[in-house]
Amino acid sequence: MSTSEEYRRQVMQDLAQGDVESLNDPSTDAATQYDNFDDFAQRTTTDQRRQLFGRSVNPQQIPSSQMEPELQKAIAQIKPNERDDVARAFFKHLKGRGLDDRHLEQQLGLSTHHPNRMSADDVSKLASFAYHNHPDVFREVLAEQPGIIKFLSNPVVAAIVGIAAAKWLGSHK
């Protein structure tokens, strides 16, 4: 088994057991706070993350009332260029559902339909819309842009990643 595979397995095992402290513990050194998550995000492929999130990330598992405020906080913390990428990904996938970016701008009360000009609030509205109305699109964007996860609070991270990790470990034994 490669070092990368061993690392992934260990991270997933920790997460499946609810050990998400290294992801969001404010008492840890800021330089190392997200290293494990970033390493994990870089060492997994979009397909692996897509498989991990499967059907576990949806309003039936984590109610919108819990997820939406978390998304607002998380999206406000990601870098502007990453936020643009997240917005672009949501628009791309929602367009595949026949939802035009200008129509979404009007429907959701966004300040613009241009991803590079969107505020954190705009991207949060878009993410919340996808989470509630198109959970499969939300999961796809999460798999493509996993950086959002590291800014979610421990209980939500545990719910998302713990469920996914348990499924992943179960399928790789």
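What pattern does the protein chain follow when read along the sequence? The answer is α-α-α-α-α-α-α-α-α-α-α, which comes to 11 helices and 0 strands. Helices here are DSSP runs of H or I with at least four residues, strands are runs of E with at least two, and both are numbered from the N terminus.

A quick word on what you're looking at. This is a predicted model, in which local features need pLDDT of at least 70, side-chain atom pairs count only at pLDDT 80 or more, and totals for chains, interfaces and linings use all residues. Residues are numbered from 1 along each chain as its sequence is written, and side-chain values use heavy atoms, with hydrogens and water left out.

Let's begin with the whole chain. Of its 173 residues, 48% count as buried; buried means under 20% relative accessible area, exposed means over 50%, and partly exposed is in between, using a 1.4 Å probe and protein chains only. The chain exposes about 8,600 Å², and carbon and sulfur atoms supply 47% of that. Those areas come from the Shrake-Rupley method with a 1.4 Å probe, and for residues only the protein chains shown count as cover. As for contacts (heavy atoms within 4.5 Å), take those with a separation of 6 or more: residues 24 or more positions apart account for 76% of them.

Now for the inside. In soluble globular proteins, nonpolar side chains tend to be buried together. Here the largest nonpolar core has 31 residues, and those with the most contacts inside it are Phe-90, Leu-104, Leu-126 and Phe-138. A nonpolar core, by the rule used, is a set of buried Ala, Val, Leu, Ile, Met, Phe, Trp, Tyr and Cys residues joined through side-chain atoms within 4.5 Å. Two or more residues each come from α6 (64-77), α7 (80-95), α8 (101-108), α9 (120-133) and α10 (135-144). The largest share, 7 residues, is from α9. To get a feel for the packing, click on Leu-126: leaving out residues up to four places away in sequence, Leu-126 touches Ala-87, Phe-90, Phe-91, Leu-94, Leu-104, Leu-108 and Met-118.

Stay with α9 and look at how α6 passes by. The axes of α6 and α9 come within 9 Å and cross at roughly 150°. (Axes are lines fitted to C-alpha atoms, for helices over the stretch in contact, and angles run from 0 to 180 degrees between N-to-C directions.) On the α6 side, the contact is made by Ser-64, Met-67, Glu-68, Leu-71, Gln-72, Ile-75 and Ala-76; on the α9 side, the residues are Ala-120, Val-123, Ser-124, Ala-127, Ser-128, Tyr-131 and His-132. The spacing in such lists is worth a thought: an α-helix has 3.6 residues a turn, so residues three or four places apart point the same way.

One of those α9 residues, Ala-127, counts as buried because its relative accessible area is 1%. The C-alpha atoms of Ala-127 and Leu-71 are separated by 7.3 Å, although the two are 56 residues apart along the chain. Neighbours within four places aside, Ala-127 is in contact with Leu-71, Ile-75, Phe-90 and Phe-138.

Val-86, in helix α7, is buried too, at 1% relative accessibility. Val-86 is in contact with Ile-78, Val-123, Val-141, Gln-145 and Ile-148, again leaving aside neighbours within four places.

How about the aromatics? Phe-90, Tyr-131 and Phe-138 form one aromatic cluster. Tyr-131 and Phe-138, both buried, make an edge-to-face pair, 4.9 Å centre to centre with 75° between the planes. The rule pairs rings of Phe, Tyr and Trp (its six-membered ring) if their centres lie within 6.5 Å; planes under 30 degrees apart are stacked, over 60 edge-to-face, and the rest tilted.

Phe-138 brings us to α10, which is mostly covered, with 7 of its 10 residues buried. Among them is a charged one, Glu-140, with a relative accessible area of 16%. Glu-140 touches Arg-50 and His-93, not counting residues up to four places away.

For contrast, finish at Asp-47 in helix α5 (residues 46-53), which is exposed because its relative accessible area is 51%. Its C-alpha atom and that of Ala-143 are separated by 7.5 Å, with the two residues 96 apart along the chain.
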